[in-house]
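Here is a quick walk through one protein structure for someone meeting it fresh. Have a look at it, then read on.

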Amino acid sequence: MKSANTHRGAAILILVFSVVFLIIAGRFLYIETTAKVEGVDLKEWAEDVRTSSYEIDAKRGKIYDKNGMVLAYDRPTYRMYAIVDPNYSKNLKEPKHVTDPEETSAVLAPLLDMNASEMADRMEEGQENGRFQVEFGPAGREISQEKMEEIKKLDLNGIQFQEEAKRYYPNGMFASHVIGFARAQDGKISGVTGIEKQMEEYLQEEKGKIKYERDKYGTKLLDPNEVMTDPDDGEDVYLTIDQKIQTFLEDAMSQVDEQYEPKKIMAAVIDPDTGEVLAMSNRPSYNPNDIGNVQNWYNDLISYPFEPGSTIKMFTWAAAIDAGVYNGTDMYKSGTYKVTERSQTIGDHNYRKGWGSITYNEGFQRSSNVAASKLVWEKLGPEKFRKYLSDFHLDQKSGIDLPGELTGRMVYKRPIEQITTSFGQGSTFTPIQLLTAATSIANDGKMVKPYMLSKITSSEGGEVLKESEPEVIGEPISKSTAEKMRDLLGTVVTSENGTGQSFKLNDYSLGGKTATAQISKPGGGYLTGRNNYVFSFMGMAPIEDPELLIYVGVQQPDLEVTEVGSEPVSYIVRTVMENSLHYLNIQPDKNKENKVVQQVLPDVTGQNPKQAASLLRESFERVEVMGAGKEVTATLPEAGSKVLKNQRVMVITDQPKMPDLTGYSLRDVHRLAEHFGLKIETMGNGYVTKQSIKKGSKIKEGGYLVVELSPPETP
């Protein structure tokens, strides 16, 4: 019986083992034939395990101003890490991993502003957990090249660096709301605001990739099956911004911002013939290299609709003139006006007295709300005026190639709303809408679209891939209307009755319109108090054939008792327009008793440098000899140029040496660089404070000159 049970048990065991064997054998056979385990391809898995894959960096496209000055580029930074795996140094004479975390941390921590014990703990913890390498958080990232080289000289075992690109803006706050900024995220730099965002499809780079098979320590196999995809740099973007005019604007705005501490400043300069935006800035502004404490992200020129006040009157008068219903010598009674006996009273800013009966031309000069109301209600008609507002595109976006543009709200249903719109209350507009409409007055009736993009070029060969051209988007008024309107705008500045007398330029005729716009309260009504306005001016010069169109708005400046709201605005307008027109070599059109005299620079080439300099100093105050040569080869500016008495004159000898550039203007630096074929990079604005090529060094054609500039200190 026992024997039978034994045989039966043995048979069961044999059967069980046979089933198990068949299952295992079948499993092995399945794996052998399909090369898969639970849906995972073993061949692919093995290749992944022994394959390294690395990205090859590509550069995001650069952003330039219209003259080729770099405004944004990728700057190399470095991420530090420590190799803590002892196996990495196996069979090597010198260790390649961190052998003493405490000693290494004691040396590194002061350089990175880190706690030495925390750094050591991080490395020791990595070793205990079997990690290959550890990193050090924010302190170990975005390390400058100078700091990286300083650490490398310490020759610390296991300390390595990975190069990473960081978007850099060499001029800091310069045109920051226009340029915007880009930031690295998930290993890729992407535009967040401004041109960086608007032109993302062109600026964006495509990283390359390299794959190869290696052993567990990262060493390539003899047959690594290497595959590489080439990187593709982003394209370069050129803006219409002119560095010089932008600098004039930035410096003037900074001075007003410091002196008056306004809530906002908005300003832009446009070429009214083409629509190119030559300068644009806001306050508060920010440095895109440091976005930790930004007070205002918005480009208020395009994103801040508000009740603009009397600048809108230039379109009210232009509409009346163009419609043939305007006679500037007609008289009307100033002070107050009512559409009907029961309607709200409209008043001039001195409504208690008014100016008595005056002409409509004088009403424009004095910025009369009553004159604007009567023109719309009695002469032009609200419906026709509304059509002109549409013709001026004041009810739509300008279409400027910047992100975030908003449009205002036209409040135009009731009679009171129709006449308040005529003098800039009730309805809201952005400054860029006003500037767009004003191009028609400056440009003989043709309204042009404002734009920021000049061209896009290939980062490799410089081939022009896309180029912007001026675009006429309407003709709301005739040429004769535009000419009459410019004459009328000129009287606002020149007439003894004009509100713009403080805006007069020294060398150029200027026409424009002032505004003192009330600020609406959230619950209705307007703020009160002498500071609670948006003081603004929109104008053009020279008035006969405008080369520049400017808008400046200053909101709620801190005025002294003796100051008026036009003072901070007029300072910016005068400074920017006068300097910009001279910079553009526009011929002055005003005769002055104290007119600046220009003299023709004589030709002194071939002469002895000392004798030539002595001759030039008889007429010019700032003559500098470059080098110790025996013969003059050239002068900067060139012989025959008209030069101001206090303008810098550089005498180039046959053995030129780099001068001390401290105090040089950017224009002088560019003139020097162009003469010697130097590649130039500038940081900041104003006048030179530092230079990369030392004073007295030999000047090599094709060399690279970097200069740092700072605005002049003011008392």
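At what angle do helix α16 and α17 pack, and how far apart are their axes? Keep in mind that this is a predicted model. Helix α16 covers residues 431-442, and its angle to α17 is about 105 degrees, with the axes 8 Å apart. Angles of 65 to 115 degrees count as roughly perpendicular, so that is the word for how α16 and α17 sit to each other. On the α16 side, the contact is made by Ser440, Ile441 and Ala442. On the α17 side, you'll find Ala482, Met485, Arg486 and Leu489. Sort the residues of this contact by character and you get five nonpolar, one polar and one charged.

Now stay with α17, which runs over residues 479-494, and turn to another partner. Helix α11 (residues 313-322) has an axis that comes within 10 Å of the α17 axis, and the two cross at roughly 135 degrees. That makes α11 oblique to α17. The crossing is a right-handed one. Here α11 brings Met314, Trp317, Ala318, Ile321 and Asp322, while α17 answers with Thr481, Lys484, Met485, Leu488 and Leu489. The mix in this contact is seven nonpolar, one polar and two charged. Notice Met485 and Leu489 of α17: they take part in the contact with α11 and also in the contact with α16.

A further helix pair is α13 (residues 369-380) with α14 (residues 382-391). Their axes come within 7 Å and cross at roughly 120 degrees. Val376, Trp377 and Leu380 of α13 touch Pro382, Lys384, Phe385 and Tyr388 of α14. That contact divides into six nonpolar, no polar and one charged.

Here are the helix pairs side by side.

| Helix pair | Angle between axes | Axis distance |
|---|---|---|
| α16 and α17 | about 105 degrees | 8 Å |
| α11 and α17 | roughly 135 degrees | within 10 Å |
| α13 and α14 | roughly 120 degrees | within 7 Å |

Next, the backbone. Most residues other than glycine have a negative phi, and most peptide bonds are trans. A few spots here go the other way. The bond from Arg283 to Pro284 is cis, with omega near 0 degrees, and Pro284 sits in the loop between β14 (277-283) and α10 (300-303). Another cis bond runs from Ala541 to Pro542, with omega near -15 degrees. Pro542 belongs to the loop that links β24 (533-541) and β25 (548-555). Then there's Ser367, a residue other than glycine whose phi is positive, near 60 degrees. You can spot Ser367 in the loop between α12 (360-365) and α13.

Finally, which residues line the largest cavity? They are Leu71, Tyr169, Asn171, Gly172, Phe174, Ser176, Ile179, Gly180 and Pro288. By character, the lining splits into five nonpolar, four polar and no charged. The volume of this cavity is about 50 Å³, and the count of cavities of 30 Å³ or more comes to one.

Methods: Residues are numbered from 1 along each chain as its sequence is written. This is a predicted model: local features need pLDDT of at least 70, side-chain atom pairs count only at pLDDT 80 or more; totals for chains, interfaces and linings use all residues. Side-chain values use heavy atoms; hydrogens and water are left out. Axes are lines fitted to C-alpha atoms, for helices over the stretch in contact, and angles run from 0 to 180 degrees between N-to-C directions. Helices (H or I, at least four residues) and strands (E, at least two) are DSSP runs, numbered from the N terminus. Angles under 35 degrees count as roughly parallel, over 145 as roughly antiparallel, 65 to 115 as roughly perpendicular and the rest as oblique. A crossing is left-handed if the near helix is turned anticlockwise from the far one by less than a right angle, and right-handed if clockwise. Contact means heavy atoms within 4.5 Å. Ala, Val, Leu, Ile, Met, Phe, Trp, Tyr, Cys and Pro count as nonpolar, Asp, Glu, Lys and Arg as charged, and the others, Gly among them, as polar. On a 1 Å grid over the protein atoms alone, a cavity is a set of points where a 1.4 Å probe fits but cannot get out, and a pocket is an open set with protein on both sides within 12 Å along at least five of seven lines; lining residues have an atom within 4 Å of a point. Grid points are joined across faces, edges and corners, and a volume is the space filled by probe spheres set on the points.
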